[in-house]
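Work through these exercises with the model in view. Try each task before you read its solution.

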Amino acid sequence: MAQALFIDSIEAAVDHVLDTVQGDIVLGIPLAVGKPNPFVNVLYRRIKANPARKLRIVTALSLEKPVGKSELEQHFLGPLVERVFEDYPDLAYVKDLRAGTLPPNIEVREFFMKTGDYLGNPSAQQNYISTNYTFVARDMAVQGMNVIAQAVASRGEGASLRLSLSSNPDVVLEVVEKLRAAGQPLLTVGVINHKMPFMPNGAEVAPSFFDIVVTDPAGTHAVFAPPNNKVSAADYAIGLHASSLVTDGGTLQIGIGSLGDAIAQALIVRDRHGDEYRRILESICPDGLGGRDLGRFDQGLYGCSEMFVNGFLKLIEAGIIRREVFGDAVLQQLLNDGEIDEVVTPGTLRALLRHARIRSPLDAKDLAFLTHWGILREGVAIDGDSLVLDGTRVRNDLIADDNLERIGTTLLGSRLKHGIFMTGGFFLGPRDFYQRLRTMPPQELAKIDMTRIDFINQLYSENGGQGDLKRAQRRKARFMNTTMIVTLLGAAASDALESGQVVSGVGGQYNFVAMSHALPDARLLMMLRATHDNKDGLRSSIVWNYGHVTIPRHLRDIVITEYGVADLRGQSDSEVVKRLIAVADSRFQDELVKQAKEHGKLEAGYELPERYRQNLPQVLEDRLHPWTQAGLLPDFPFGTDLTDDELHIVRALKKLKHATQHPGELLTMAIKSLWEGREAPLPYLERLGLAETHSFKDAFVKRLFAGNL
C-alpha cells in the first residue's frame, strides 16, 4: 500500500481532489459525527461556484445545530447552542438542502435522515436511498463513489503517528475493501480532528489506509453533542418492561434518546435496588411478573450494537456491561459451556486440546494463538522439543499430566487477554460521553471495539463469515428497537409514513430482527409509545392496518408499550390481536376491538379483560410517581447540559407549542393565563426577548408563557 500524502491545508487538499478526480465527484462521508465538516464545506462551496462540475454526496444522518422555528425558540436556543455545541461547524449542504436551495449541479443522497426533519422536503424525499445498514457499502459503490472522506482521531506524530476511525469504522472499511477489489478508482481522505476520541481495536488504521491525510488545525472542532432528553413516565415504563426481559450473562442492543436512557437506568435500578425494582414492576404489570428476569447481573452483559450510546457507557460504569467475549469461536464456546473461565489453568489447555483447537506438541501457530489470548506468557518460544521462557525449559508435551502441570507452574498466563465487552459500529452522545472516552484508562478503553457494521449487524458476511463466532458471542441476545406504528396483526412501520414520506430510515432494524429469529435464544423487543400526537390530534400507535411496513408481520416477536409486554412469537392471529389491544391506550381499545371483529380476526363475543382498561397516561404517572420522588426514576438519569432555569423555560415553551397546534387547548390556556395574571421572572423574559413588548401579540405570548411556568 502506498504511503499517504500529508497536506496541511484543507484548501490545498480540496485542490488535490479536484485535480485528481476528473469529471463528476461522488463523495461518500460517514453518518453522524464522523463527517469532516470543514473539508466537506470547502469542497461543496468550490463546486457550488463552478457549474461546470457536479457533486453527489452520499451519506446519512447529517446533523445540524438546533435552530428555533419561532422567535421565542431562537432567542432561547442562542446561548444554549453557543455553550453546548461550541465551535461545531454546520454543514453548508444541510443549510441549502433544508432551504430548498441546493444548486442544480449538486445532489445529496441519504440512506438515513434525522427523525422527521425532512418531511415535506422534495429534494430530500426524492433522493433518499432505502437500504439496510449492512448493504450501505454495496449501495455506495452503486452510486459510483470515487472519493471518501472521514474525520479521524490521531496519536503520536511523524513515524509514530497512529490514526483511528473513531466514531465511524462502520462502513468505510468495507467500502474501501469492495471498491479496491473491484478495481474502481477511489480517493480516500482522512481529516484529523484532535477532539475525536481515539478508539483502538477495529477502529485503528495505519496512515497509509488513506491516500490523503489532512493535518490542517481547521479540521479540529467540537464533536456534535446532542444534550440528553428528558425521560418521561411512558419512556420509563417501556424501559422497565424491556429491562425485565434481559437475561444475566446475555447480550444487549439498544438505541439513542430518552428511551435508551430509560432502559439503561432501569437496568441499573434492577441491579442495585432489587426490592424496589420488583415493586415498581408489580405496580405496572397487570399480568404479574411471570417470565420476567428480576435478578442482579452477576455475570454481566455484553454490549453489541450498531450504535454505541451514552446508556451503554453508563452501564459500563455501573459494572453491568462487563461480560467479555473473545475473538475465537472455540475459545468462546468453551467459556459459554463453562468448561473454562477467564482464569487460566492447566485445564484451559486440556479443554483446547480436547476440542482440537491446539495440538500436542504445539507448533508455531498454536503458540501464537495461546500467547495472543494470554494463555501462555509473552516470550514463550519453541526450541526443538521444548518450550522455553527466561531460561526455563519444559518439554513440549501437553498429554503427560506431570508435564502439563509443570507448564502450568512456569509458562501459563494468569487471565485471558484481549476480551471485549462492548462492540459498536458508530457512536453519538452528549459532551460528557466524548470526554469520558477521551480520558478512559487504556486498559478499559481496550475492551470497547468500534468495528465494521457487517460484523455487528448480521451473523454471516462476506468478510470471512465468522458466523460460528458471532453465534457464540451473542448468546441470550435482546435486540431492542423502536417503531412508530404496529398493526394489530404484528407488522411494524418504523421509517416512513403510509404516504411514502420518509421519517428516518430502515437503518439496521431489519438486520436485528433477522438475527433475533436466527439465534435460538434471542428475542426482538419492538418498542413504541402507545399514542402519538400530531396536528390531527391524539392517535393510537397500535392500529388495525397501515399503508407502509418496515417489518412484516411474519417476523413479529415481542411488542412493548408503556402499558405492558405483548409476546407475539408463535401466536395465532386472534391471540396476537388480543395481546396488542391489551397494551394499547384504553381510549382506543374499543375501536380496535370493533375493527378486529369486523375483519374476522376476533370472535364476536370477545370482551377485553377489565385489568387492561386502565391504560391511561395519568394512571401510569400516578403509579410511577413514588419512584420518581424517591430518585430512582429521575427526569435526567444521566445528567443534562441545561441549567435549572433553562429546564423551567423549556417545559413552559413545550406546553405553549403544543397548545398552538390544538386550538381548543390554546383557548383554555389563554383564559387561564389571563385570569391568573402570573408574572415570569425578568431573566426568563430577557432570555426570550419578551422583557419589553411592542405589540399585542408579544404581550399575549408573554402572558401565556408566564401562565405555563
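**Exercise 1. Describe the whole chain.**

The chain has 27 helices and 25 strands. Helices (H or I, at least four residues) and strands (E, at least two) are DSSP runs, numbered from the N terminus. The radius of gyration is 28 Å, close to the 27 Å of the globule rule for 709 residues, so the chain is as compact as a globular protein of that length. That radius is taken over C-alpha atoms, and the rule is 2.2 Å times the number of residues to the power 0.38.

This is a predicted model: local features need pLDDT of at least 70, side-chain atom pairs count only at pLDDT 80 or more, and totals for chains, interfaces and linings use all residues. Residues are numbered from 1 along each chain as its sequence is written, and side-chain values use heavy atoms, with hydrogens and water left out.

Next, burial: 56% of the 709 residues count as buried. Buried means under 20% relative accessible area, exposed over 50%, partly exposed in between (1.4 Å probe, protein chains only).

**Exercise 2. Work out how α8 packs on α9.**

Two packed helices are described by the angle between their axes and the distance between the axes.

Step 1: α8 and α9 (residues 258-272) pack at about 55°, with axes 8 Å apart. Axes are lines fitted to C-alpha atoms, for helices over the stretch in contact, and angles run from 0 to 180 degrees between N-to-C directions.

Step 2: α8 and α9 are therefore oblique to each other. Angles under 35 degrees count as roughly parallel, over 145 as roughly antiparallel, 65 to 115 as roughly perpendicular and the rest as oblique.

Step 3: sort the residues of this contact. They comprise 9 nonpolar, 4 polar and 2 charged. Ala, Val, Leu, Ile, Met, Phe, Trp, Tyr, Cys and Pro count as nonpolar, Asp, Glu, Lys and Arg as charged, and the others, Gly among them, as polar.

**Exercise 3. Repeat this for α8 and α10.**

Step 1: α8 (residues 233-243) meets α10 (residues 274-284) at about 115°, with axes 11 Å apart.

Step 2: α8 and α10 are therefore roughly perpendicular.

Step 3: the contact residues divide into 6 nonpolar, 2 polar and no charged.

**Exercise 4. Is D235 buried or exposed, and what does D235 touch?**

Step 1: D235 lies in helix α8.

Step 2: D235 has a relative accessible area of 3%, so D235 is buried.

Step 3: leaving out residues up to four places away in sequence, D235 touches K230, S258, L259, A262 and R529. Contact means heavy atoms within 4.5 Å.
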